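Biologist: Can you walk me through this one? I'd like the surface first, then the helices.

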Amino acid sequence: MNTQSTPVHVRLWHRDFLLMSVATFLISVSVYMLIPTLPLWLFMYVGLSPLEVGLSMAVFAAGLYTFGVFCTFLVQHFRRNQVCIVATACLTACIALLYYVHGMEPVSTAWWIILLQRFLTGAFFGLAQMVLVSTLIIDTAESFQRTEANHSAAWFSRFSLSLGPMAGLVVYKWFDFDFVLLGAMSCTLLAIVLILTVNFPFRSPDDDVPFVSLDRFFLPRSFPLFVNLLLVSTVVGLLLSLSLTDRFYALMMGGFLLALLAQRFVFRNAELKSEVVTGLILILFALLMMYTRPLPVVWYMVPVFIGLSVGIIASRFLLFFIKLSRHCQRGTSQSMYFLGWETGIALGVGLGYIFFFNEPQRLLITALVLTVLALAAYHYYTHSWFMKHKNR
């Protein structure tokens, strides 16, 4: 059988790797805290329409690609950790801009300021995370441990998908949107401190590095896998556009923990195709329960299924991207995976507000269609295509 399991080495979890993983988690949390809370503020305080709120959330996806083509040039001509620190500091400034806008009179708050802030937030978040996942985290691991390092560090970002929105909603409920923004800025500043504590040796810059390059940014040969991942993450984004509670995200975290156990014991020597197929079937089951059985018990089961399915699907897709990369393309494969995941989340949230605001049944039907499409694409094309083109 075509099987694959990721070994666990205690030696990987040294100080530098752990600090970089936590920094990745904190940066992601600072962005995910705004997914459920920013639309609430835009509706209640700024008075935007669902279309304007949806576009404000979706433009984040466009920002993710802004600095990608310059990523290699930046990390080759400047200290790579300093590039990440500057990008994270700019991300902090973007959140601070939102804090300043919140202090303005509602009538003086222009929508274009919100759009610009969201675009720049996506741009600096994308640069910071691409440098982290494609360079800094890899630099902290030995060559034979780098696949495990990528796999383990990605789980920290994945946990932020539940813990970030949950923290944002709790703070918003008990305090105010001001404190949500302060919490997000605290996360980015703490991430900067953690990156500063790790010593990265100086490397002489290459003289022939082009100013614009796809290296560490986009891996064209993995595009079919990128599209399939985009379909899955868009479904997740659509669900996040619903009015979910902090309990939903807490239970989703329970699903993530189950996914870790499932990878260790259930899928350890299973057929390579089984994880993605199982995860997509779980999403279908969760969506059908939400659509046909709107009972209280469903809202305890659904988030666990969503967390479990997202955990096993995202982990397997990440390893697929790594296996598609050629020599010296590991960092590029990480950025490609990151872009596919974050683009889908942002687009899904934006489309949810634009087309399905206060129409959850239509949203669930659309999510069901996209999930079936993702399952069919993976089963009939993407998996066989991957088996033919993998390099590792």
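Modeller: Here is a short tour of the surface patch, one helix and one loop. This is a predicted model, where local features need pLDDT of at least 70, side-chain atom pairs count only at pLDDT 80 or more, and totals for chains, interfaces and linings use all residues. Residues are numbered from 1 along each chain as its sequence is written, and side-chain values use heavy atoms, leaving out hydrogens and water.

Biologist: Which residues form the nonpolar patch on the surface?

Modeller: Tyr99, Val170, Trp174, Phe175, Phe179 and Leu182, with about 640 Å² of accessible area together. Accessible areas come from the Shrake-Rupley method with a 1.4 Å probe, and for residues only the protein chains shown count as cover. Patch members have over 30% relative accessible area and no salt bridge (side-chain nitrogen of Lys or Arg within 4 Å of a carboxyl oxygen of Asp or Glu). Nonpolar side chains are joined within 5 Å.

Biologist: Where is phenylalanine 175? Buried or exposed?

Modeller: Phenylalanine 175 lies in the loop between H7 and H8. It is exposed (over 50%; buried is under 20%, partly exposed in between), at 55% relative accessible area. Helices H7 (146-174) and H8 (177-196) each supply at least two patch residues; helices are DSSP runs of H or I, at least four residues, numbered from the N terminus.

Biologist: New topic. How many residues of H6 are buried?

Modeller: 22 of the 29, so H6 is largely enclosed by the rest of the structure.

Biologist: And serine 213, what does its side chain reach?

Modeller: The backbone nitrogen of aspartate 215, at 3.0 Å. Serine 213 is buried, at 16% relative accessible area.

Note on methods
Patch = residues over 30% accessible without salt bridge, like charges linked within 9 Å, V, L, I, M, F, W, Y side chains within 5 Å. Buried < 20%, exposed > 50% of the residue type's maximum accessible area, 1.4 Å probe, protein only. Polar contact = N/O pair within 3.5 Å; in protein donor to acceptor, adjacent residues only side chain to side chain.
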